[in-house]
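Subject: Structure handover

Hello,

Here is the structure for you to load. Please open it first, then read my notes below.

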Amino acid sequence: MNPPEAKRYSTTLGGRELVLETGKYAKLVSGSVTVRYGDTLVLVTAHMSDSAAATDFLPLTVEYEERHYAIGKIPGSFQRREGRPGTQATLNARITDRQIRPLFPKGLRNEVQVIITVLSADQENDPAMIAAIGASAALSVSNIPWDGPTACVSVGFEEGQYVLYPTLQQLQTSALELTVAASRDAVLMVEASAAELSEDVMVGAIAFAQAEMQPVLDLIERMRAEVGHQKAPFEPMLLVSDDDKESLYQDAVKAGLKDALLTPSKKERGAATKALRDALIAERVPNIDSDADAVRVNLLKEAFSAAVQRESRRMVLEDELRADGRKPDQIRPIWIEAGVLPKAHGSVVFTRGETQVLGVTTLGTGKSDRLVDDLGLETSETFMLHYNFPPFSTGEVKRLRGISRRELGHGNLARRALERMVPGQNEFGYVIRVVAETLESNGSSSMASVCAATLSMMDAGVPLKKPVAGIAMGLIKEGENYKILSDILGSEDALGDMDFKVTGTRDGVTALQMDIKIRGITAEVMRAALEQARAGRTHILGIMDEVLSAPRSEVSRNAPRILSVQIPVDKIGSVIGPGGKQIRELEALGAQIDIGEDGLVKIYSEDSGAAEAVKAQIEGLTATPEVGKTYGGKVVKIAEFGAFINIFPGTDGLLHISQIAEERVENVEDFLKVGDLLEVKIVGIDSRGKLDLIRPELEGKIAPRAPRRDAPRGDRPNGGRDRDRGPRRF
């Protein structure tokens, strides 16, 4: 039997061919597509359950599966098979999820599952980008109701030019790493890290991405037209009627909904609106005597939620008032406390309104780094930022089920916001781990984490290049009328049309993340949001400066001390010694030693004296003696013809009897003894590496010693005798 012929569609993207194929693999699901870009190949499947689930939300799951065979490796785990998805795989799944989720029809409750399997990774082209394109194509050709297609592209920035689909290698030096997902007429998702780029450059990059993805959208639309399935009909879950929405809204306004929404505290505001809701529903359904009554109550609750959203949006657009009484561009009150944990290396509590984050910095040794074992470039993380969001932070009771996708996503955003400001290993040899513990949350906790992380590192003595602050922006838009909101609350995130998180220094943007819920966000609106965000973060940075205007001058006394020394690569073996003997002896002095492949040696110790002693030993083991240079030395041996001086470990030189004093020396021990310390200067090095020394203060006062010869004595002039002395005794 011959294999089925795949339907093939291709276009050029970033100078390389993008190929979509369907109809050959995984044909039992509703939509199945392979995407190839370079030698990276991804299989994406999309399927929907036949019946609706008993939920009040869309049960969509996106799974991103990495297979080590994709890069020709056997997994390093004990069982030699892949385990649960790693951090990067989870973040890649979120990119696809955030792109496709807004385009499912309201009321769809059938389970939808999108599975991405990376079959081949060339470690040049990022699989995450083409996986998102594959998900769009698989949903488009499937029978699943979905209002696509979408496309996803990445953009770099080098030498003032935008670069479409930069390779993983190019991203190492790019000033921008931007991911944009969009439909034909709307940007849906933006994720970026940047090297303090201007707001205009960021807006231009988004516009560039949207223009360059049009051929991909054309390709998927042609694919859907030719091989796509008819969309399956579905019965949307019961939705509240327009009449109920209108009547409940009018009654709520008359009953004082605006006053309830202007209650300053989140907890009190929630109690006030709930009391108002329950009273209005009780008027309509006095008793719940049947299932129909229960359904009616649930629909009225939805109608009241719609009334809250409508009135909140009206207050912003017409009254320029927000739920907590602020103006659109106003930042909540901020207070900061540094050095709150006695044993931590650096700690800060950052509170903005009812959002509070504890930032804690720990400085570790070179062996504390994290090996990134995914399908990208093999790297080692020396800066980590972990974000925690416990249920008590929102006043709720939930089971703790490990790290959520949301926690990974927020932590990654905060890490990318700060990573370009963290000093490199050559400047600051510690491994840095920052933990952002969310203690209270009423919106913008991820941005509070950026501020807390910045200050906690400064409290620990990390020499950040510049402090970074973050702010979350929102948008309320009706027709041509819109208001941009600074430092949004949790409720404003839910009722608004955009969640736009921006981080940066005073000089430019370092990261941003944007999720847009409506179509038609223009470049003008994005530029206005970025400018308002710049003003907001400048205000926040000013308050941060009042607490810590610069990093502590020294690292925390609780942190291990670190010294570093650069040695020649060919001297690494001298430090390690046969079978590691030498390095074990050095570490026995009270330090931990980490040697990089580039010859950078890091010495960690709680005892600064021990660290200095080990550093001196290493410098001695790896130093290269230079003619004409003066060294401090120690007499280690006396001979008839001179003294042997140790100038650094393992390296001795001969101070000949003729070079010891200005007068004639008959007995070396009359001038020098074993253990004496003195300065000597190297005047010659023979081909065997033997050193000839002189007392530097005698230069020009005594005749220089004739250079040592390598020829046999019988071939030397004068039978190997000096002109004014007897036979040389070696």
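Two helices, H8 (291-319) and H11 (490-495), each supply at least two residues of the lining of the largest cavity. Keep in mind that this is a predicted model.

The full lining of the largest cavity is Leu 261, Ser 312, Met 315, Val 316, Leu 321, Arg 322, Ala 323, Ser 491, Glu 492 and Leu 495. By class, that lining divides into six nonpolar, two polar and two charged residues. The space inside the largest cavity is about 60 Å³. How many cavities of 30 Å³ or more does a search of the whole structure find? Two.

Next, Asp 515. This residue sits in strand E21, which spans residues 509-516. Its side chain makes a polar contact with the side chain of Arg 98, at 2.9 Å. Neighbours within four places in sequence aside, Asp 515 is in contact with Arg 98, Leu 188, Met 189, Met 498 and Asp 499. Arg 98 therefore appears on both counts for Asp 515: the polar contact and the contact list, where contact means heavy atoms within 4.5 Å.

Last, the cysteines. A search of the whole structure finds zero disulfides. Are Cys 152 and Cys 451 buried or exposed? Cys 152 has 0% relative accessibility, so it counts as buried, the cut-off being under 20%. Cys 451 is also buried, because its relative accessible area is 0%.

Best wishes

Terms used: Residues numbered from 1 in each chain as written. Predicted model: local features only at pLDDT ≥ 70, side-chain atom pairs only at ≥ 80, totals over all residues. Heavy atoms only, no water. Disulfide = S-S within 2.5 Å. Buried < 20%, exposed > 50% of the residue type's maximum accessible area, 1.4 Å probe, protein only. Helix = DSSP H or I, 4+ residues; strand = E, 2+ residues; numbered from the N terminus. Polar contact = N/O pair within 3.5 Å; in protein donor to acceptor, adjacent residues only side chain to side chain. 1 Å grid on protein atoms, 1.4 Å probe; cavity = no way out; pocket = protein on both sides within 12 Å on 5 of 7 lines; lining within 4 Å. Points joined across faces, edges and corners; volume = space filled by probe spheres on them. Nonpolar A, V, L, I, M, F, W, Y, C, P; charged D, E, K, R; others polar.
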